[in-house]
Amino acid sequence: MNKLLVTFVSLLLLAGLQAQELRKEKYQLGPWEDEIGYAQAVRVGNTLYISGSVGDGAMPQAVDQAFGAIQKTLAHYGLDFRHVVKENAFTTDIEALKAANEVRKKYYGADFPAATWVQIARLFSPQHVLEVEVIAVFPENPAPETK
Amino acid sequence: MNKLLVTFVSLLLLAGLQAQELRKEKYQLGPWEDEIGYAQAVRVGNTLYISGSVGDGAMPQAVDQAFGAIQKTLAHYGLDFRHVVKENAFTTDIEALKAANEVRKKYYGADFPAATWVQIARLFSPQHVLEVEVIAVFPENPAPETK
Amino acid sequence: MNKLLVTFVSLLLLAGLQAQELRKEKYQLGPWEDEIGYAQAVRVGNTLYISGSVGDGAMPQAVDQAFGAIQKTLAHYGLDFRHVVKENAFTTDIEALKAANEVRKKYYGADFPAATWVQIARLFSPQHVLEVEVIAVFPENPAPETK
């Protein structure tokens with residue numbers, strides 16, 4: 001009995017010493033994400049980190065694929081592109097991305113984030129031509145409840 | 001009259017359901033940013049996201065261009081390089097960047113951020129050799145007012 | 001005497017006008033970091049920015065080098081991989097990284113972050129094949145004290 005108590009107390013103390021778990025709210029687009037080892041989005045506090053979302057084929061189509069996935073992800077959390085504060089685009093063809101920019105801009109309307117675009121050697125799959133990751137932020141003060 | 005009231009209440013409810021706008025404080029260096037669809041910097045809460053700032057020509061000059069734009073951006077918000085916590089440098093020639101590092105280091109003094117440097121295939125314009133983005137943070141507790 | 005007082009008050013006013021210093025908690029793995037001009041990690045508020053951590057040789061070994069350095073860094077702050085919310089991997093060979101992914105996944109267990117992987121032209125040193133940077137977050141509410 002005493003031995004059991006000592007074990008129990010020891011476990012409690014150990015739990016107190018260990019790193020505490022972080023409260024995250026994840027979103028996944030499909031089962032392949034656990035296979036690869038990532039989540040499409042992780043919310044922590046007021047910040048939402050959205051994974052690199054890819055597109056293939058002609059660049060205008062790739063832009064719609066990538067930004068469509070981001071839009072769906074934002075919507076899951078009740079957000080939209082006005083909440084995106086940072087965009088990083090990695091593309092295999094930056095001139096094609098510049099040429100397809102009107103397709104991208106319609107997702108933002110007239111409210112653009114800070115951004116960085118670079119042309120890289122390759123993405124996850126050989127057919128991918130674009131990968132876009134964003135950081136979005138939840139408004140601090142929730143809307144007043146309508147009664 | 002009743003119809004008008006129903007419409008008004010419906011609109012109110014709709015507004016309550018819609019995603020709430022986020023309070024952002026943007027800074028732009030020029031009108032080309034709206035054309036391309038980005039802002040040089042976006043502040044949200046205590047965090048400042050500064051867009052990839054570019055440089056061309058010889059690398060020491062490119063470093064001064066990129067970090068000069070970052071310095072100007074920080075100054076707009078009353079910040080300086082001590083407030084930069086993260087730096088990401090994308091360059092077409094990482095050996096040239098290493099060789100020009102003393103030019104970069106003088107911006108930071110002796111207070112350096114976390115950083116990642118990679119050599120990529122190309123930047124927004126063919127003549128760009130360097131693009132640097134940073135995250136800066138505003139001090140939480142404002143200085144006590146001098147009376 | 002009056003002159004001294006005026007100087008003193010002027011200095012106080014000047015200090016009040018200057019940008020306030022930010023409270024950062026840094027961690028360094030070695031003296032080469034000051035030489036290059038970065039810190040392995042910078043904590044600000046509840047957010048921990050960990051610099052791109054590199055690996056060389058065969059990819060499985062490179063993954064262990066990079067994630068080993070990240071693990072050591074997290075542990076310094078009392079954190080572990082459950083606190084990582086975002087991962088960015090830059091590699092010279094994305095197929096090799098995909099093939100070595102089981103080595104990477106064991107660091108996370110079954111709790112994966114948002115992520116972006118891209119294949120780039122080169123890293124800081126010619127022998128580097130992988131560079132991984134992460135953002136980790138400290139739990140907001142500290143564990144209740146055990147008495």
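Trainee: At roughly what angle do the axes of helices H3 and H5 of chain B cross?
Mentor: The axes of H3(B) (residues 59-76) and H5(B) (residues 101-108) cross at roughly 20 degrees and come within 8 Å. Axes are lines fitted to C-alpha atoms, for helices over the stretch in contact, with angles from 0 to 180 degrees between N-to-C directions. Helices (H or I, at least four residues) and strands (E, at least two) are DSSP runs, numbered from the N terminus. That angle makes H3(B) roughly parallel to H5(B) (under 35 degrees).
The model is predicted: local features need pLDDT of at least 70, side-chain atom pairs pLDDT 80 or more, while totals for chains, interfaces and linings use all residues. Residues are numbered from 1 along each chain as its sequence is written, with chains lettered from A and ligands numbered from 1 in the order written.

Trainee: Which residues make the contact between H3(B) and H5(B)?
Mentor: H3(B) contributes Pro60(B), Val63(B), Asp64(B), Phe67(B) and Gln71(B), and H5(B) contributes Val103(B), Arg104(B) and Tyr107(B). Contact requires C-beta atoms, placed from the backbone, to lie within 7 Å.

Trainee: New topic: what turn lays chain B on chain C?
Mentor: A turn of 120 degrees with a shift of 0.0 Å along the axis does so, with an RMSD of 0.0 Å (least squares on C-alpha atoms of residues with pLDDT of at least 70 in both). That is the relation of a three-fold axis.

Trainee: Which residue of chain B comes closest to that axis?
Mentor: Ile120(B) does, with its C-alpha at 3.1 Å.

Trainee: And how many residues does each chain give to the contact of B with C?
Mentor: Chain B gives 27 residues and chain C gives 28. On the side of chain B, strand S5(B) gives the most, with six residues.

Note on methods:
Angles under 35 degrees count as roughly parallel, over 145 as roughly antiparallel, 65 to 115 as roughly perpendicular and the rest as oblique. Two residues are in contact if their C-beta atoms, placed from the backbone, lie within 7 Å.
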